[in-house]
Amino acid sequence: MFTLTAKESILRAARKSDEMLEPYEWKRSRTVLRRERASNRPDLADYFSLVQRLDGQVIRLSPTGRGIDGKPQYVNPMDINLNYSEDDSPLALKSDFILSLCELVIGGKEGLQPVDKTVIDRAVRNVYRPFLADPDPEKMPILGDLYNELLKQPEPEAARIAAALELYVSGSLNVFNHRTNVELNNRLVCFDIKQLGKQLKKLGMLIVQDQVWNRVTVNRAERKSTRYYMDEFHLLLKEEQTAAYSVEIWKRFRKWGGIPTAITQNVKDLLASREVENIFGATR
């Protein structure tokens, strides 16, 4: 617990910093922070103290799945809600995200081939069918369900994609093969992905953005705006898959009541990205 005077002091400081927690017009806003960069402070994220003092939720993603308090913290990349898309079928957008995720996992210069995309899309539709018929959180699929569905497909491409996913399903990097068990309904949520390491960081960036998109769609249905702050944004533009998805997310956010803000000290790398022009175009 902390005194009212201290809380008011923190709130005043937050308002001075880009009015970070101010409501947008008449709507309640939600602020989501994402942090990646290295720091001279070995143990705490830049935003940790502020978020904690404001009773926000800090989600530290790491290869071990352990959060700041040592308890398991998992975020499911397969999470979806019925407001995920503007039409009656949210699967098209979700399939697009999973294609980006698989492309990042498989890698290579050529990425996913047309047959690969067809196989993944079919598996995605099959794996979400039980949940969409009965939206029970217990029926929310996980990455392992997609892996098993791919193994059922007759094409050799499906087996190749499943083999690439195995490391993230039953291998040593399986932190994203769990149902979400963290509080995402808090008004203030901070994602810290510094601990993920080189192999998981790119996936973590993509998955966090999709989780924020989930929040944007829920908030929009409740007539709320969502403020999204992306620290070290130039890192999202380094990889082709995360850069393309970031541009798509940026455009969608603005149409759905999201207020994205990119933060970086590395302007040179930011301007070197082929996608940055699309970001600036979407901002106008």
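## Aromatic pairs and clusters

Five aromatic pairs are counted in this predicted model. F233 and W250 form a tilted pair, with ring centres 5.7 Å apart and planes at 55 degrees to one another. The pair ties together parts that are 17 residues apart in sequence, because F233 lies in the loop between β4 (225-230) and α8 (240-255), whereas W250 belongs to helix α8. Both F233 and W250 are buried.

One aromatic cluster is formed by Y84, W213, Y228, F253 and W256.

## Arginines over tryptophan rings

Two members of that cluster, W213 and W256, also carry an arginine over the ring face. R220 lies over the face of W256, 4.1 Å from the ring centre. R252 takes up a position over the face of W213, and here the distance to the ring centre is 4.7 Å.

## Nonpolar cores

The largest nonpolar core comprises 69 residues. Within this core, the residues with the most contacts are I98, L101, L146, L165 and L203. Leaving aside residues up to four places away in sequence, L146 touches M78, I98, A123, V124, V127 and L165. A second core, separate from the largest, has seven residues, among them Y47, V51, L54 and C190.

## Packing of helices α3 and α7

Two packed helices are described by the distance between their axes and the angle between them. For helix α3 (residues 91-106) and helix α7 (residues 197-221), the axes come within 10 Å and cross at roughly 170 degrees. An angle over 145 degrees counts as roughly antiparallel, so α3 is roughly antiparallel to α7.

On the α3 side, the contact is made by L93, K94, F97, S100, L101, L104 and V105. Helix α7 contributes K202, L203, L206, I207, D210, W213 and N214. L101 of α3 and L203 of α7 thus appear in this contact and are also listed among the residues with the most contacts inside the largest nonpolar core. W213, which takes part in the contact from α7, is the residue whose ring face lies under R252.

## Helix α5 and the loop before it

In helix α5 (residues 143-152), the buried residues are L143, G144, L146, Y147, E149 and L150. These buried residues pack against α3, α4 (114-133) and α6 (156-169). L146, buried in α5, is one of the residues with the most contacts inside the largest core.

E138 lies in the loop between α4 and α5. With a relative accessibility of 60%, E138 counts as exposed. The C-alpha atoms of E138 and R179 are 8.8 Å apart in space, while the two residues are 41 residues apart in sequence.

Conventions. Residues are numbered from 1 along each chain as its sequence is written. This is a predicted model: local features need pLDDT of at least 70, side-chain atom pairs count only at pLDDT 80 or more; totals for chains, interfaces and linings use all residues. Side-chain values use heavy atoms; hydrogens and water are left out. Rings of Phe, Tyr and Trp (its six-membered ring) pair if their centres lie within 6.5 Å; planes under 30 degrees apart count as stacked, over 60 as edge-to-face and the rest as tilted. Helices (H or I, at least four residues) and strands (E, at least two) are DSSP runs, numbered from the N terminus. Buried means under 20% relative accessible area, exposed over 50%, partly exposed in between (1.4 Å probe, protein chains only). A charge sits over a ring if NZ of Lys or CZ of Arg is within 6 Å of the ring centre and within 35 degrees of the ring normal. A nonpolar core is a set of buried Ala, Val, Leu, Ile, Met, Phe, Trp, Tyr and Cys residues joined through side-chain atoms within 4.5 Å. Contact means heavy atoms within 4.5 Å. Axes are lines fitted to C-alpha atoms, for helices over the stretch in contact, and angles run from 0 to 180 degrees between N-to-C directions. Angles under 35 degrees count as roughly parallel, over 145 as roughly antiparallel, 65 to 115 as roughly perpendicular and the rest as oblique.
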